[in-house]
Amino acid sequence: MAPSNTSSSDGGSTPARTPGPDGTSHRLPDKASGSATHPVDEVLPPVKLFSTGLQHVAAMYAGVVAPPLIVGAGVGLSAADLALLISASLFTAGLATLLQTLGVWKIGARLPFVNGVSFAGVAPMIAIATEHGPKDALPVIFGAVIVAGALCFLAAPYFCKLIRFFPPVVQGTVITLIGVSLLPVAVNWARGGSPSAPGYGSMRAIGLAAITLAAVVLCNRLLRGFWQQLSLLIGLAFGTLIAFPLGLADFSAVRDAKVFALPSPFHFGAPMFDGAAIASLCIVMVVSMTESTADMLALGKIVDREADEATLAAGLRADGLATALSPVFNGFAASAFAQNIGLVALTKIRSRFVVAAGGGILILLGLFPVLGSVVSLVPQPVLGGAGIVLFGTVAASGIRTLAEAGMESSSNTILVSVSLGVGIIPIAVPTFYDPFPETVRTLMHSGISAGCVMAVLLNLLFHHVGAARRTRSGQTSGATVPTATPS
């Protein structure tokens, strides 16, 4: 179907538009020829939809199950309750992803945006568990998560106005940091995931990661079309098959898993509301909102649909609503998963319905634990090999954005160099902020949030403070967000 154009006042034409989360329209990219549908809103054939959605699940699965695994172990849950907590996290991550991609009213960014359990809250939740003991730990945690989610939902329309402090130089810095901060995670997966894992750091584990990495790269180089877009999934399957004779695949999870388990609301007890716990997780939620904002800006660049204020507000509302509802089904706070941004950039598949299909698969994994156990067969070294490609792709996207941001300016050079340096501190030395107050540790423990805060502050210093005076004297910063001009 040919794209429909409308005449403009200057006698030209403007591209077709597609509805956004606020009911307004988004301009289609000039490249969109031959179809009036933006690639983000394209619905793919069922087989392609399922297979590419499964890739997103494979990329995020380890990140979804890790927080409940750590918190559950910290609380001292039995094996059965721990399995229930993991299933609940998969189920609520699927619901949050559907809400984010499909949207309801002004809720949901309507971008190929994956939501899952936020890792930022793990340390505070462990501290809450230590303070309140095994019996009350989860009810107190769930009560604090509900309040933090409500805060995020109510603050969304105000928080999104920070977009004016995210010009391309800040966006490029943050996107680069997202990729760089995730690369150590991939390296740890390549070694085996955990020092307690059998064969951690062995040549078998590292060799398996290298084989998987080579398989993904070769598939991307040699295959074409649909099969090239499945290069990650093919690499994961190939690496898993190689893991069997090496003794790095564990079948115990499949053998012990239940076939079906319906989520039981408030299985661990009614939520309890503790002031200190609420304050702690509200701080975590603000950090998660900062990271989600940066992720949405990054994804908007990759899919050629800029994330404006309305999109950011809708995305943050989805984060907040999903977070507030997750404890009902025994889940934790929901936030963006940056690793899936790398998959969108790698495959060039920009359809939000692909990620929605991934959300549906996550719900099935939560309802049918035996299916989730099959996905968990993928060994950590295999995920590590694929993760190097995924997370490196995100960093490359950030570098491309920086190249377009005017790096010939000395102020921009200082902004990027200092922000990257501050963002790499917690990556290079994870214990660096241990002597600091808890609030500072919560904010700065993540290289993404630390670098993001520094980039925004330096942008204020260089391009906003005294900007009017510099403009009157004939100087321009060239770094503020351009305003849209009417057609």
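How far apart should the ends of helix α7, with its 16 residues, be at 1.5 Å a residue, and what is the distance between its end C-alpha atoms? The expected span is 22 Å, and the end C-alpha atoms of α7 (residues 231-246) lie 23 Å apart, which agrees. The structure is a predicted model, and the protein in it has 18 helices and 6 strands.

**The protein as a whole**
- Of the 487 residues of the protein, 52% count as buried, while the accessible surface comes to about 20700 Å², with 67% of that area belonging to carbon and sulfur atoms.
- When contacts between residues at least 6 apart in sequence are considered, 80% of them join residues that are at least 24 apart.

**Nonpolar cores**
- The largest nonpolar core has 102 residues, and those with the most contacts inside this core are Leu90, Leu138, Ile141, Val170, Leu281 and Phe332.
- Leaving aside residues up to four places away in sequence, Leu281 touches Gly121, Pro124, Met125, Ile128, Ile141, Ala144, Val145 and Ala148.
- Apart from the largest core lies another one, of 5 residues, among them Leu44, Leu49, Ile349 and Val354.

**The two sides of helix α7**
- Within α7, the residues Ser231, Leu232, Gly235, Leu236, Gly239, Thr240 and Ala243 are buried.
- Because these buried residues cover an arc of only 165° around the axis, they are on the same side of α7.
- On the other side of α7, by contrast, Leu241 and Pro245 are exposed.
- The residue that follows α7 is Gly247, and its phi is positive, near 75°.

Note on methods. Residues are numbered from 1 along each chain as its sequence is written. This is a predicted model: local features need pLDDT of at least 70, side-chain atom pairs count only at pLDDT 80 or more; totals for chains, interfaces and linings use all residues. Side-chain values use heavy atoms; hydrogens and water are left out. Helices (H or I, at least four residues) and strands (E, at least two) are DSSP runs, numbered from the N terminus. Buried means under 20% relative accessible area, exposed over 50%, partly exposed in between (1.4 Å probe, protein chains only). Contact means heavy atoms within 4.5 Å. Accessible areas come from the Shrake-Rupley method with a 1.4 Å probe; for residues, only the protein chains shown count as cover. A nonpolar core is a set of buried Ala, Val, Leu, Ile, Met, Phe, Trp, Tyr and Cys residues joined through side-chain atoms within 4.5 Å. The expected span of a helix is 1.5 Å times one less than its number of residues. The arc is that of the directions from the helix axis to the C-beta atoms.
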